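User: I have a model open and would like to learn how to read its features one by one. Could you walk me through it?

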Amino acid sequence: MSLLSKLEETLVCLKAGKVTLPYPAQAQPLPEKFRGRPIFDATKCIGCAGCANNCPAREILVFDVCQEVRILQYLGRRCTYCGRCADVCPEKAITMSQEFENGTNAIGDLGQRLELFMSTCQRCGRCFKGPSVLEDLKMKGYRSDDLQNERWIFRSRAFLEEEKTVDDIQIELD
Amino acid sequence: MIAREMFEKFKQRFGPLIERADLPSDRRLFVFVDRSVVKYVCQHIFRELDARYVITIGADDRPFSGKFLVAHNFAFDKDHLLCSVLTQLPADDPKIDSITDMVPAASWAEREMRDLVGIEPVGHRYLKRLVLPDGWPENNHPLRKDVPWNEVPVEFDPDREFRFDEPPEGCTVVPFGPFHPTLDEPAHFRLYVEGEMVRGCEYRGFMVHRGIEKLAESVMSYNDIPMLAERICGICGCVHNVAYVQAVEEAAVLKPPPRAEYIRTIMLELERLHSHLLWVGLACHIVGFDTLFMQSFRIREPIMWIAEKISGNRKTYALCVIGGVRWNITPEVKIELRQTLDKLETEWRAVVSAVSKDRNIQKRTWGVGVADKDLVKESGLIGPVARAAGVDIDCRRDHPYAAYDRVEFDVITEQGGDVWSRLLVRMKEVFESIRIIRQCLDKMEVGPLQLEIKDELPIGRMGLSSVEAPRGESHHFVITGENNRPRRWRVRAPTYQNLQAVPRMIKDQQIADMTISLGSIDPCFSCTDRLETIDLRSGVTKVWSQEELLKLTRAKKV
Ligand code: SF4
Ligand code: SF4
């Protein structure tokens, strides 16, 4: 009885043959939908901060350095590659790329920084409506706990200040 | 009408002591009772009506109602009913009678409630700290609303050590864990052994407690949390993702479109497939049969690939948002999925036929780690552990969600209650999962993937959701709240209940069987330890203090 089962098990192994892939020498092709590191396209982005407000990991910060320049900072530290930012972006400025070999020693390596020239509404600074009410609620950015939670907070400044907008940014910049 | 009938029964029995009740649907029952009778109500439900204990939840409701809230959840599996017994406690006196004398399974949940919310279970016999780190001050309860989510109390004392219980007389202590080759995640068992026989053990876990619930309740928003919930578990993440979303949907009375429900079902079953194959592999690995470990993993791999094709990731599908799903199953993927399933079925059949006769595996697993029907009832065991003991429960059938009410499948049970039976149950469930996916692919209708949500979600509503994870029932409880986020979200992962029974499963067994007994519940410690707020390295070693360790690790980084 037991011998028979051993034979059957051998058969299972023999039938399988060699299946190990020669990775990293040769990588398995990735499916089209693969969600790798998000890539931000500065030419498309309108700086609406929809992505920042919907990122579960709070990986995207948007802040203004002066009236005309808005910075979108993607930190790339604990991004989970969930793709929510790409989902909500109205301009399709974010693509989930095929990059997955992202191991690095320096925490800032994966970050991206866009400098956006703005000519948005001076009063509300927004130009984008969320696809659903839940999302809409977040687009308004009115929550009192915003700053502390790395939420994007709207603050337009006519001149550059020394003081940091959010503590985190400076750490990531150096 | 079962919810109403049940409620009538309670009313007859307890009359005016039932304050009010809420019957949102025929499968849910919320009863609010006075705290003086909560113990008796629970006893009645658990003993006389023979319900299954699910979980106890403590919540700080003071900012809204001025009271604390305790919920004891029970499941009437045969009647397809989930029932929650709720009690409000005054803000200045958060005490409630412990139900552990009648419902032993509530032990951990009550200890956790005391640690995190500061509700005292009066009459609990073993009130040792369970969840919080050893150095955490006594009077700080992180899940209270007045505690900020990122606070480290000033009184935190990293040098305070954990005090172990005294071993019984004549026993030697053998430490098992926190890091052990057969444990994938940290947990510490202090085994009391007499010769080769294990006589008892003390469990110390919650070492990777990550504060997920607090984070969700104070920082994140409804549609962020699914991505966080998914990271509760490294193997059955999609389960938590779906369970959370369903709980919110239930609270807000939203019904996702049918296609979304089918897709949820398919992804959940894909997850079960890869999880069961992984478990069979690991079980073989634990008993020293690495050939089959390799083969299981080989057979499992195509499942990961197809999941990647559908969702963009092998494991973290990021599937749900409130009111629907994010990924579609296209006709091309459908064809490929069918081919993958066919191949899997043939290959798995060969493995099952070989393994089910293998003497070596049988010798290592027969009569080992037995959990009988009694233990299943007392400890609230679930999933394959319960089914292997002949207890016929399965949330997919008993509390149908997603599209499970539209597919046919069998609930696999065995009678032995030992590790061998669990192995058989899991091996056979693979075929049922394949069957379910095939039916879903046939029946799936075209249509939208997401519900359009027009209004803000209502506030202060409760939702329950039970999802059958590969390891057992995963239960989520949500109270909706302000600011686009839930007020309270409680996750009860299957290992939370199953792990509590391990000390009784390994009692009077050879110490060498410890590993497979523990392995057989398919433990998932990160699920169990959802909510730590601070590093728990204190007291592990005397050579390095926590400070020094931190310095050391930080120095290495640069
Ligand atoms: S992929 Fe997800 S976690 Fe990463 S930046 Fe986008 S939304 Fe945030
Ligand atoms: S959502 Fe798109 S357009 Fe808006 S800030 Fe982000 S990347 Fe730019």
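Analyst: Happily. Let us begin with a term: two residues are in contact when heavy atoms of theirs lie within 4.5 Å. Keep in mind throughout that this is a predicted model. With that in hand, take Gly390(B): setting aside neighbours within four places in sequence, Gly390(B) contacts Lys373(B), Thr413(B), Glu414(B) and Gln415(B).

User: Where in chain B does Gly390(B) lie, and is Gly390(B) buried or exposed?

Analyst: Gly390(B) belongs to the loop between α13 (383-388) and α14 (395-398) of chain B. For burial, the cut-off is a relative accessible area under 20%. Gly390(B) has 14%, so it counts as buried. You can also set sequence distance beside spatial distance: Gly390(B) and Ala3(B) are 387 residues apart in sequence, and their C-alpha atoms are 27 Å apart in space.

User: Now chain B as a whole. How many helices and strands are there in chain B?

Analyst: Chain B holds 20 helices and 16 strands. Its radius of gyration is 23 Å, and the globule rule gives 24 Å for 558 residues, so chain B is as compact as a globular protein of that length. Along the principal axes, the C-alpha atoms of chain B fill a box of roughly 65 × 60 × 60 Å.

User: What percentage of the residues in chain B is buried, and what do its contacts add?

Analyst: Of the 558 residues in chain B, 64% are buried. For contacts, look at how far apart the partners sit in sequence: among those in chain B with a separation of 6 or more, 68% are between residues 24 or more positions apart. As for surface, chain B exposes about 20,500 Å², with carbon and sulfur atoms supplying 52% of that area.

User: How do the corresponding values read for chain A?

Analyst: Chain A has five helices and five strands, arranged along the sequence as α-β-α-β-β-α-β-β-α-α. Of its 174 residues, 48% count as buried. Among contacts in chain A between residues at least 6 apart, 70% join residues at least 24 apart. The exposed area of chain A is about 9,800 Å², of which carbon and sulfur atoms supply 56%.

User: Let us try strand pairing. Which strand is joined to β1 of chain B?

Analyst: For a pair of strands, look at the bridges, the direction and the link. Strand β1 (residues 18-25) of chain B is joined by five bridges to strand β2 (residues 28-33) of chain B, and the two run antiparallel. Within this pair, Ala21(B) stands opposite Val31(B). β1(B) and β2(B) form a hairpin, with two residues between them.

User: And a helix? Which residues of α2 in chain B are buried?

Analyst: In helix α2 (residues 38-48) of chain B, the buried residues are Val38(B), Val41(B), Cys42(B), His44(B), Ile45(B) and Phe46(B). Look just past the helix too: α2(B) is followed by Asp50(B), which has a positive phi near 55 degrees.

User: Why would a backbone angle like that catch the eye?

Analyst: Because most residues other than glycine have a negative phi, and most peptide bonds are trans. Another case is Ala49(A), which is not a glycine but has a positive phi of about 70 degrees. Ala49(A) sits in the loop between β1 and α2 (50-54) of chain A, and at 2% relative accessibility it counts as buried. His80(B), also not a glycine, has a positive phi of about 55 degrees. The loop holding His80(B) runs between β4 (67-76) and β5 (81-90) of chain B; with 32% relative accessibility, His80(B) is partly exposed.

User: Which residues does a cis peptide bond join in chain A?

Analyst: Tyr23(A) and Pro24(A) are joined by a cis peptide bond, with omega at about 5 degrees. Pro24(A) is in the loop between α1 (2-16) and β1 (38-40) of chain A.

User: Last, the ligands. How many residues surround ligand 1?

Analyst: Read a ligand shell by its members, then by their character. Ligand 1 is surrounded by 14 residues, the closest being Cys55(A), Cys79(A), Cys82(A), Gly83(A) and Cys85(A). That shell divides into ten nonpolar, two polar and two charged residues. Around ligand 2 the shell includes Cys45(A), Cys48(A), Cys51(A), Cys89(A) and Pro90(A). Ala49(A), with the positive phi, is also one of the residues around ligand 2. The ligand 2 shell has ten nonpolar residues, two polar and no charged.

Notes. Residues numbered from 1 in each chain as written. Chains lettered and ligands numbered in written order. Predicted model: local features only at pLDDT ≥ 70, side-chain atom pairs only at ≥ 80, totals over all residues. Heavy atoms only, no water. Near = heavy atom within 4 Å. Nonpolar A, V, L, I, M, F, W, Y, C, P; charged D, E, K, R; others polar. Helix = DSSP H or I, 4+ residues; strand = E, 2+ residues; numbered from the N terminus. Rg over C-alpha atoms; globule rule 2.2 N^0.38 Å. Buried < 20%, exposed > 50% of the residue type's maximum accessible area, 1.4 Å probe, protein only. Areas by Shrake-Rupley, 256 points an atom, 1.4 Å probe, with all protein chains shown as cover. Pairing = 2+ DSSP bridges.
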